[in-house]
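Here is a short report for a first look. Keep the sequence and the 3D view open as you read.

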Amino acid sequence: MGGGQTNPNQSQSQPQPQPGQAGPPLLDLTIDNITPNTVRINSQSTDARLTYLMARLVTHLHDFARETRLSTAEWTAAIEFLIACGKICSDVRNEFILLSDVLGLSLLVDNINHPTPPGGTEGSVLGPFHTHDAPVLANGASMTSDPAGEPMLAVCTVKDVHGRPVPGVTVDIWETDSSGHYDVQHADRDAPSERCIMVTDDQGRFWFRGLKPVSYPIPHDGPVGKLLQLLKRHCWRPAHVHFMFGKDGWDRLVTSV
């Protein structure tokens with residue numbers, strides 16, 4: 001290939017460092033100044049937000065290691081845990097989302113980015129089982145193909161914080177089947193089930209037929225499940241139905257009942 005060939009996998013937003021290129025001046029490395037040295041060497045990006053996030057991440061990680069006197073064995077176990085999380089991930093299972101949920105980080109980030117106004121519905125986590133292939137159904141339709149379980153008719157109204165109905169809201173709905181499994185957890189899944197998308201009518205209403213929710217365990221056959229065992233935490237979630245509301249000009253709301 002010619003010397004001028006560009007690697008398509010490299011970012012074109014900023015110049016790539018060259019061999020021997022001088023970086024920022026660093027201090028003589030010691031255990032006491034490893035943090036500011038790392039922050040300095042990571043501060044060459046033209047993306048100010050990335051530089052800030054990396055600086056705070058490094059600072060807090062180093063403080064955590066110092067505060068806890070983190071051992072090599074513990075650090076190695078953490079690396080192996082993250083490797084195991086990556087290995088078990090698939091197109092329909094994301095162990096890192098599950099880990100984020102267990103650590104309370106998913107809900108914290110959602111609340112930071114989607115603050116709830118007075119009188120508004122509190123947000124919840126999206127969870128690892130939302131998909132983008134739910135069918136659009138008319139109000140009153142059934143979103144389940146499961147003959148077992150207790151039938152449920154849900155009649156809902158979307159209102160603003162002043163109690164006024166909101167028409168034209170796209171509502172993404174999903175739940176488990178009667179066995180407590182989402183459709184994507186079944187190996188023979190050939191079409192979405194127990195999920196749909198509806199749009200509120202001119203009075204802010206939508207209604208659908210599904211199944212009365214059942215309690216179910218989060219996936220606990222992987223590294224996050226083992227972590228819960230070590231923490232003496234159970235793996236069960238209360239029975240619920242997920243909802244995600246969207247409309248142009250409005251903040252997205254993810255919640256559950």
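## The annotated domain

UniProt lists residues 47-118 as "domain: Catechol dioxygenase N-terminal", in an unreviewed entry. The model shown here is predicted. In it, the span 47-118 is 76% helix and 0% strand. The C-alpha atoms at the two ends of residues 47-118 are 35 Å apart.

## A nonpolar patch on the surface

Five residues make up a nonpolar patch on the surface: F64, L70, W75, I79 and I83. Together they have about 470 Å² of accessible area.

Which helix gives the most to this nonpolar patch? Helix α3, residues 72-88, does, with 3 residues. I79 is in helix α3.

## The largest pocket

The volume of the largest pocket is about 770 Å³. Its lining counts 34 residues. Nearest the centre of the pocket lie T121, V158, K159, F245 and L253.

Strands take part in the lining. At least two lining residues come from each of β1 (151-157), β4 (205-211), β7 (242-246) and β8 (253-256). The most comes from β1, which supplies 4 residues.

What kinds of residues line the largest pocket? The lining divides into 19 nonpolar, 9 polar and 6 charged residues.

## Where to look

For the patch, start at helix α3, which gives 3 residues to it. For the largest pocket, start at β1, which gives 4 residues to the lining. Then find F245 and L253, two of the residues that lie nearest the pocket centre.

Definitions and conventions. Residues numbered from 1 in each chain as written. Predicted model: local features only at pLDDT ≥ 70, side-chain atom pairs only at ≥ 80, totals over all residues. Heavy atoms only, no water. UniProt positions renumbered as here; feature names shortened; annotations may be inferred. 1 Å grid on protein atoms, 1.4 Å probe; cavity = no way out; pocket = protein on both sides within 12 Å on 5 of 7 lines; lining within 4 Å. Points joined across faces, edges and corners; volume = space filled by probe spheres on them. Nonpolar A, V, L, I, M, F, W, Y, C, P; charged D, E, K, R; others polar. Patch = residues over 30% accessible without salt bridge, like charges linked within 9 Å, V, L, I, M, F, W, Y side chains within 5 Å. Areas by Shrake-Rupley, 256 points an atom, 1.4 Å probe, with all protein chains shown as cover. Salt bridge = Lys/Arg side-chain N within 4 Å of Asp/Glu carboxyl O.
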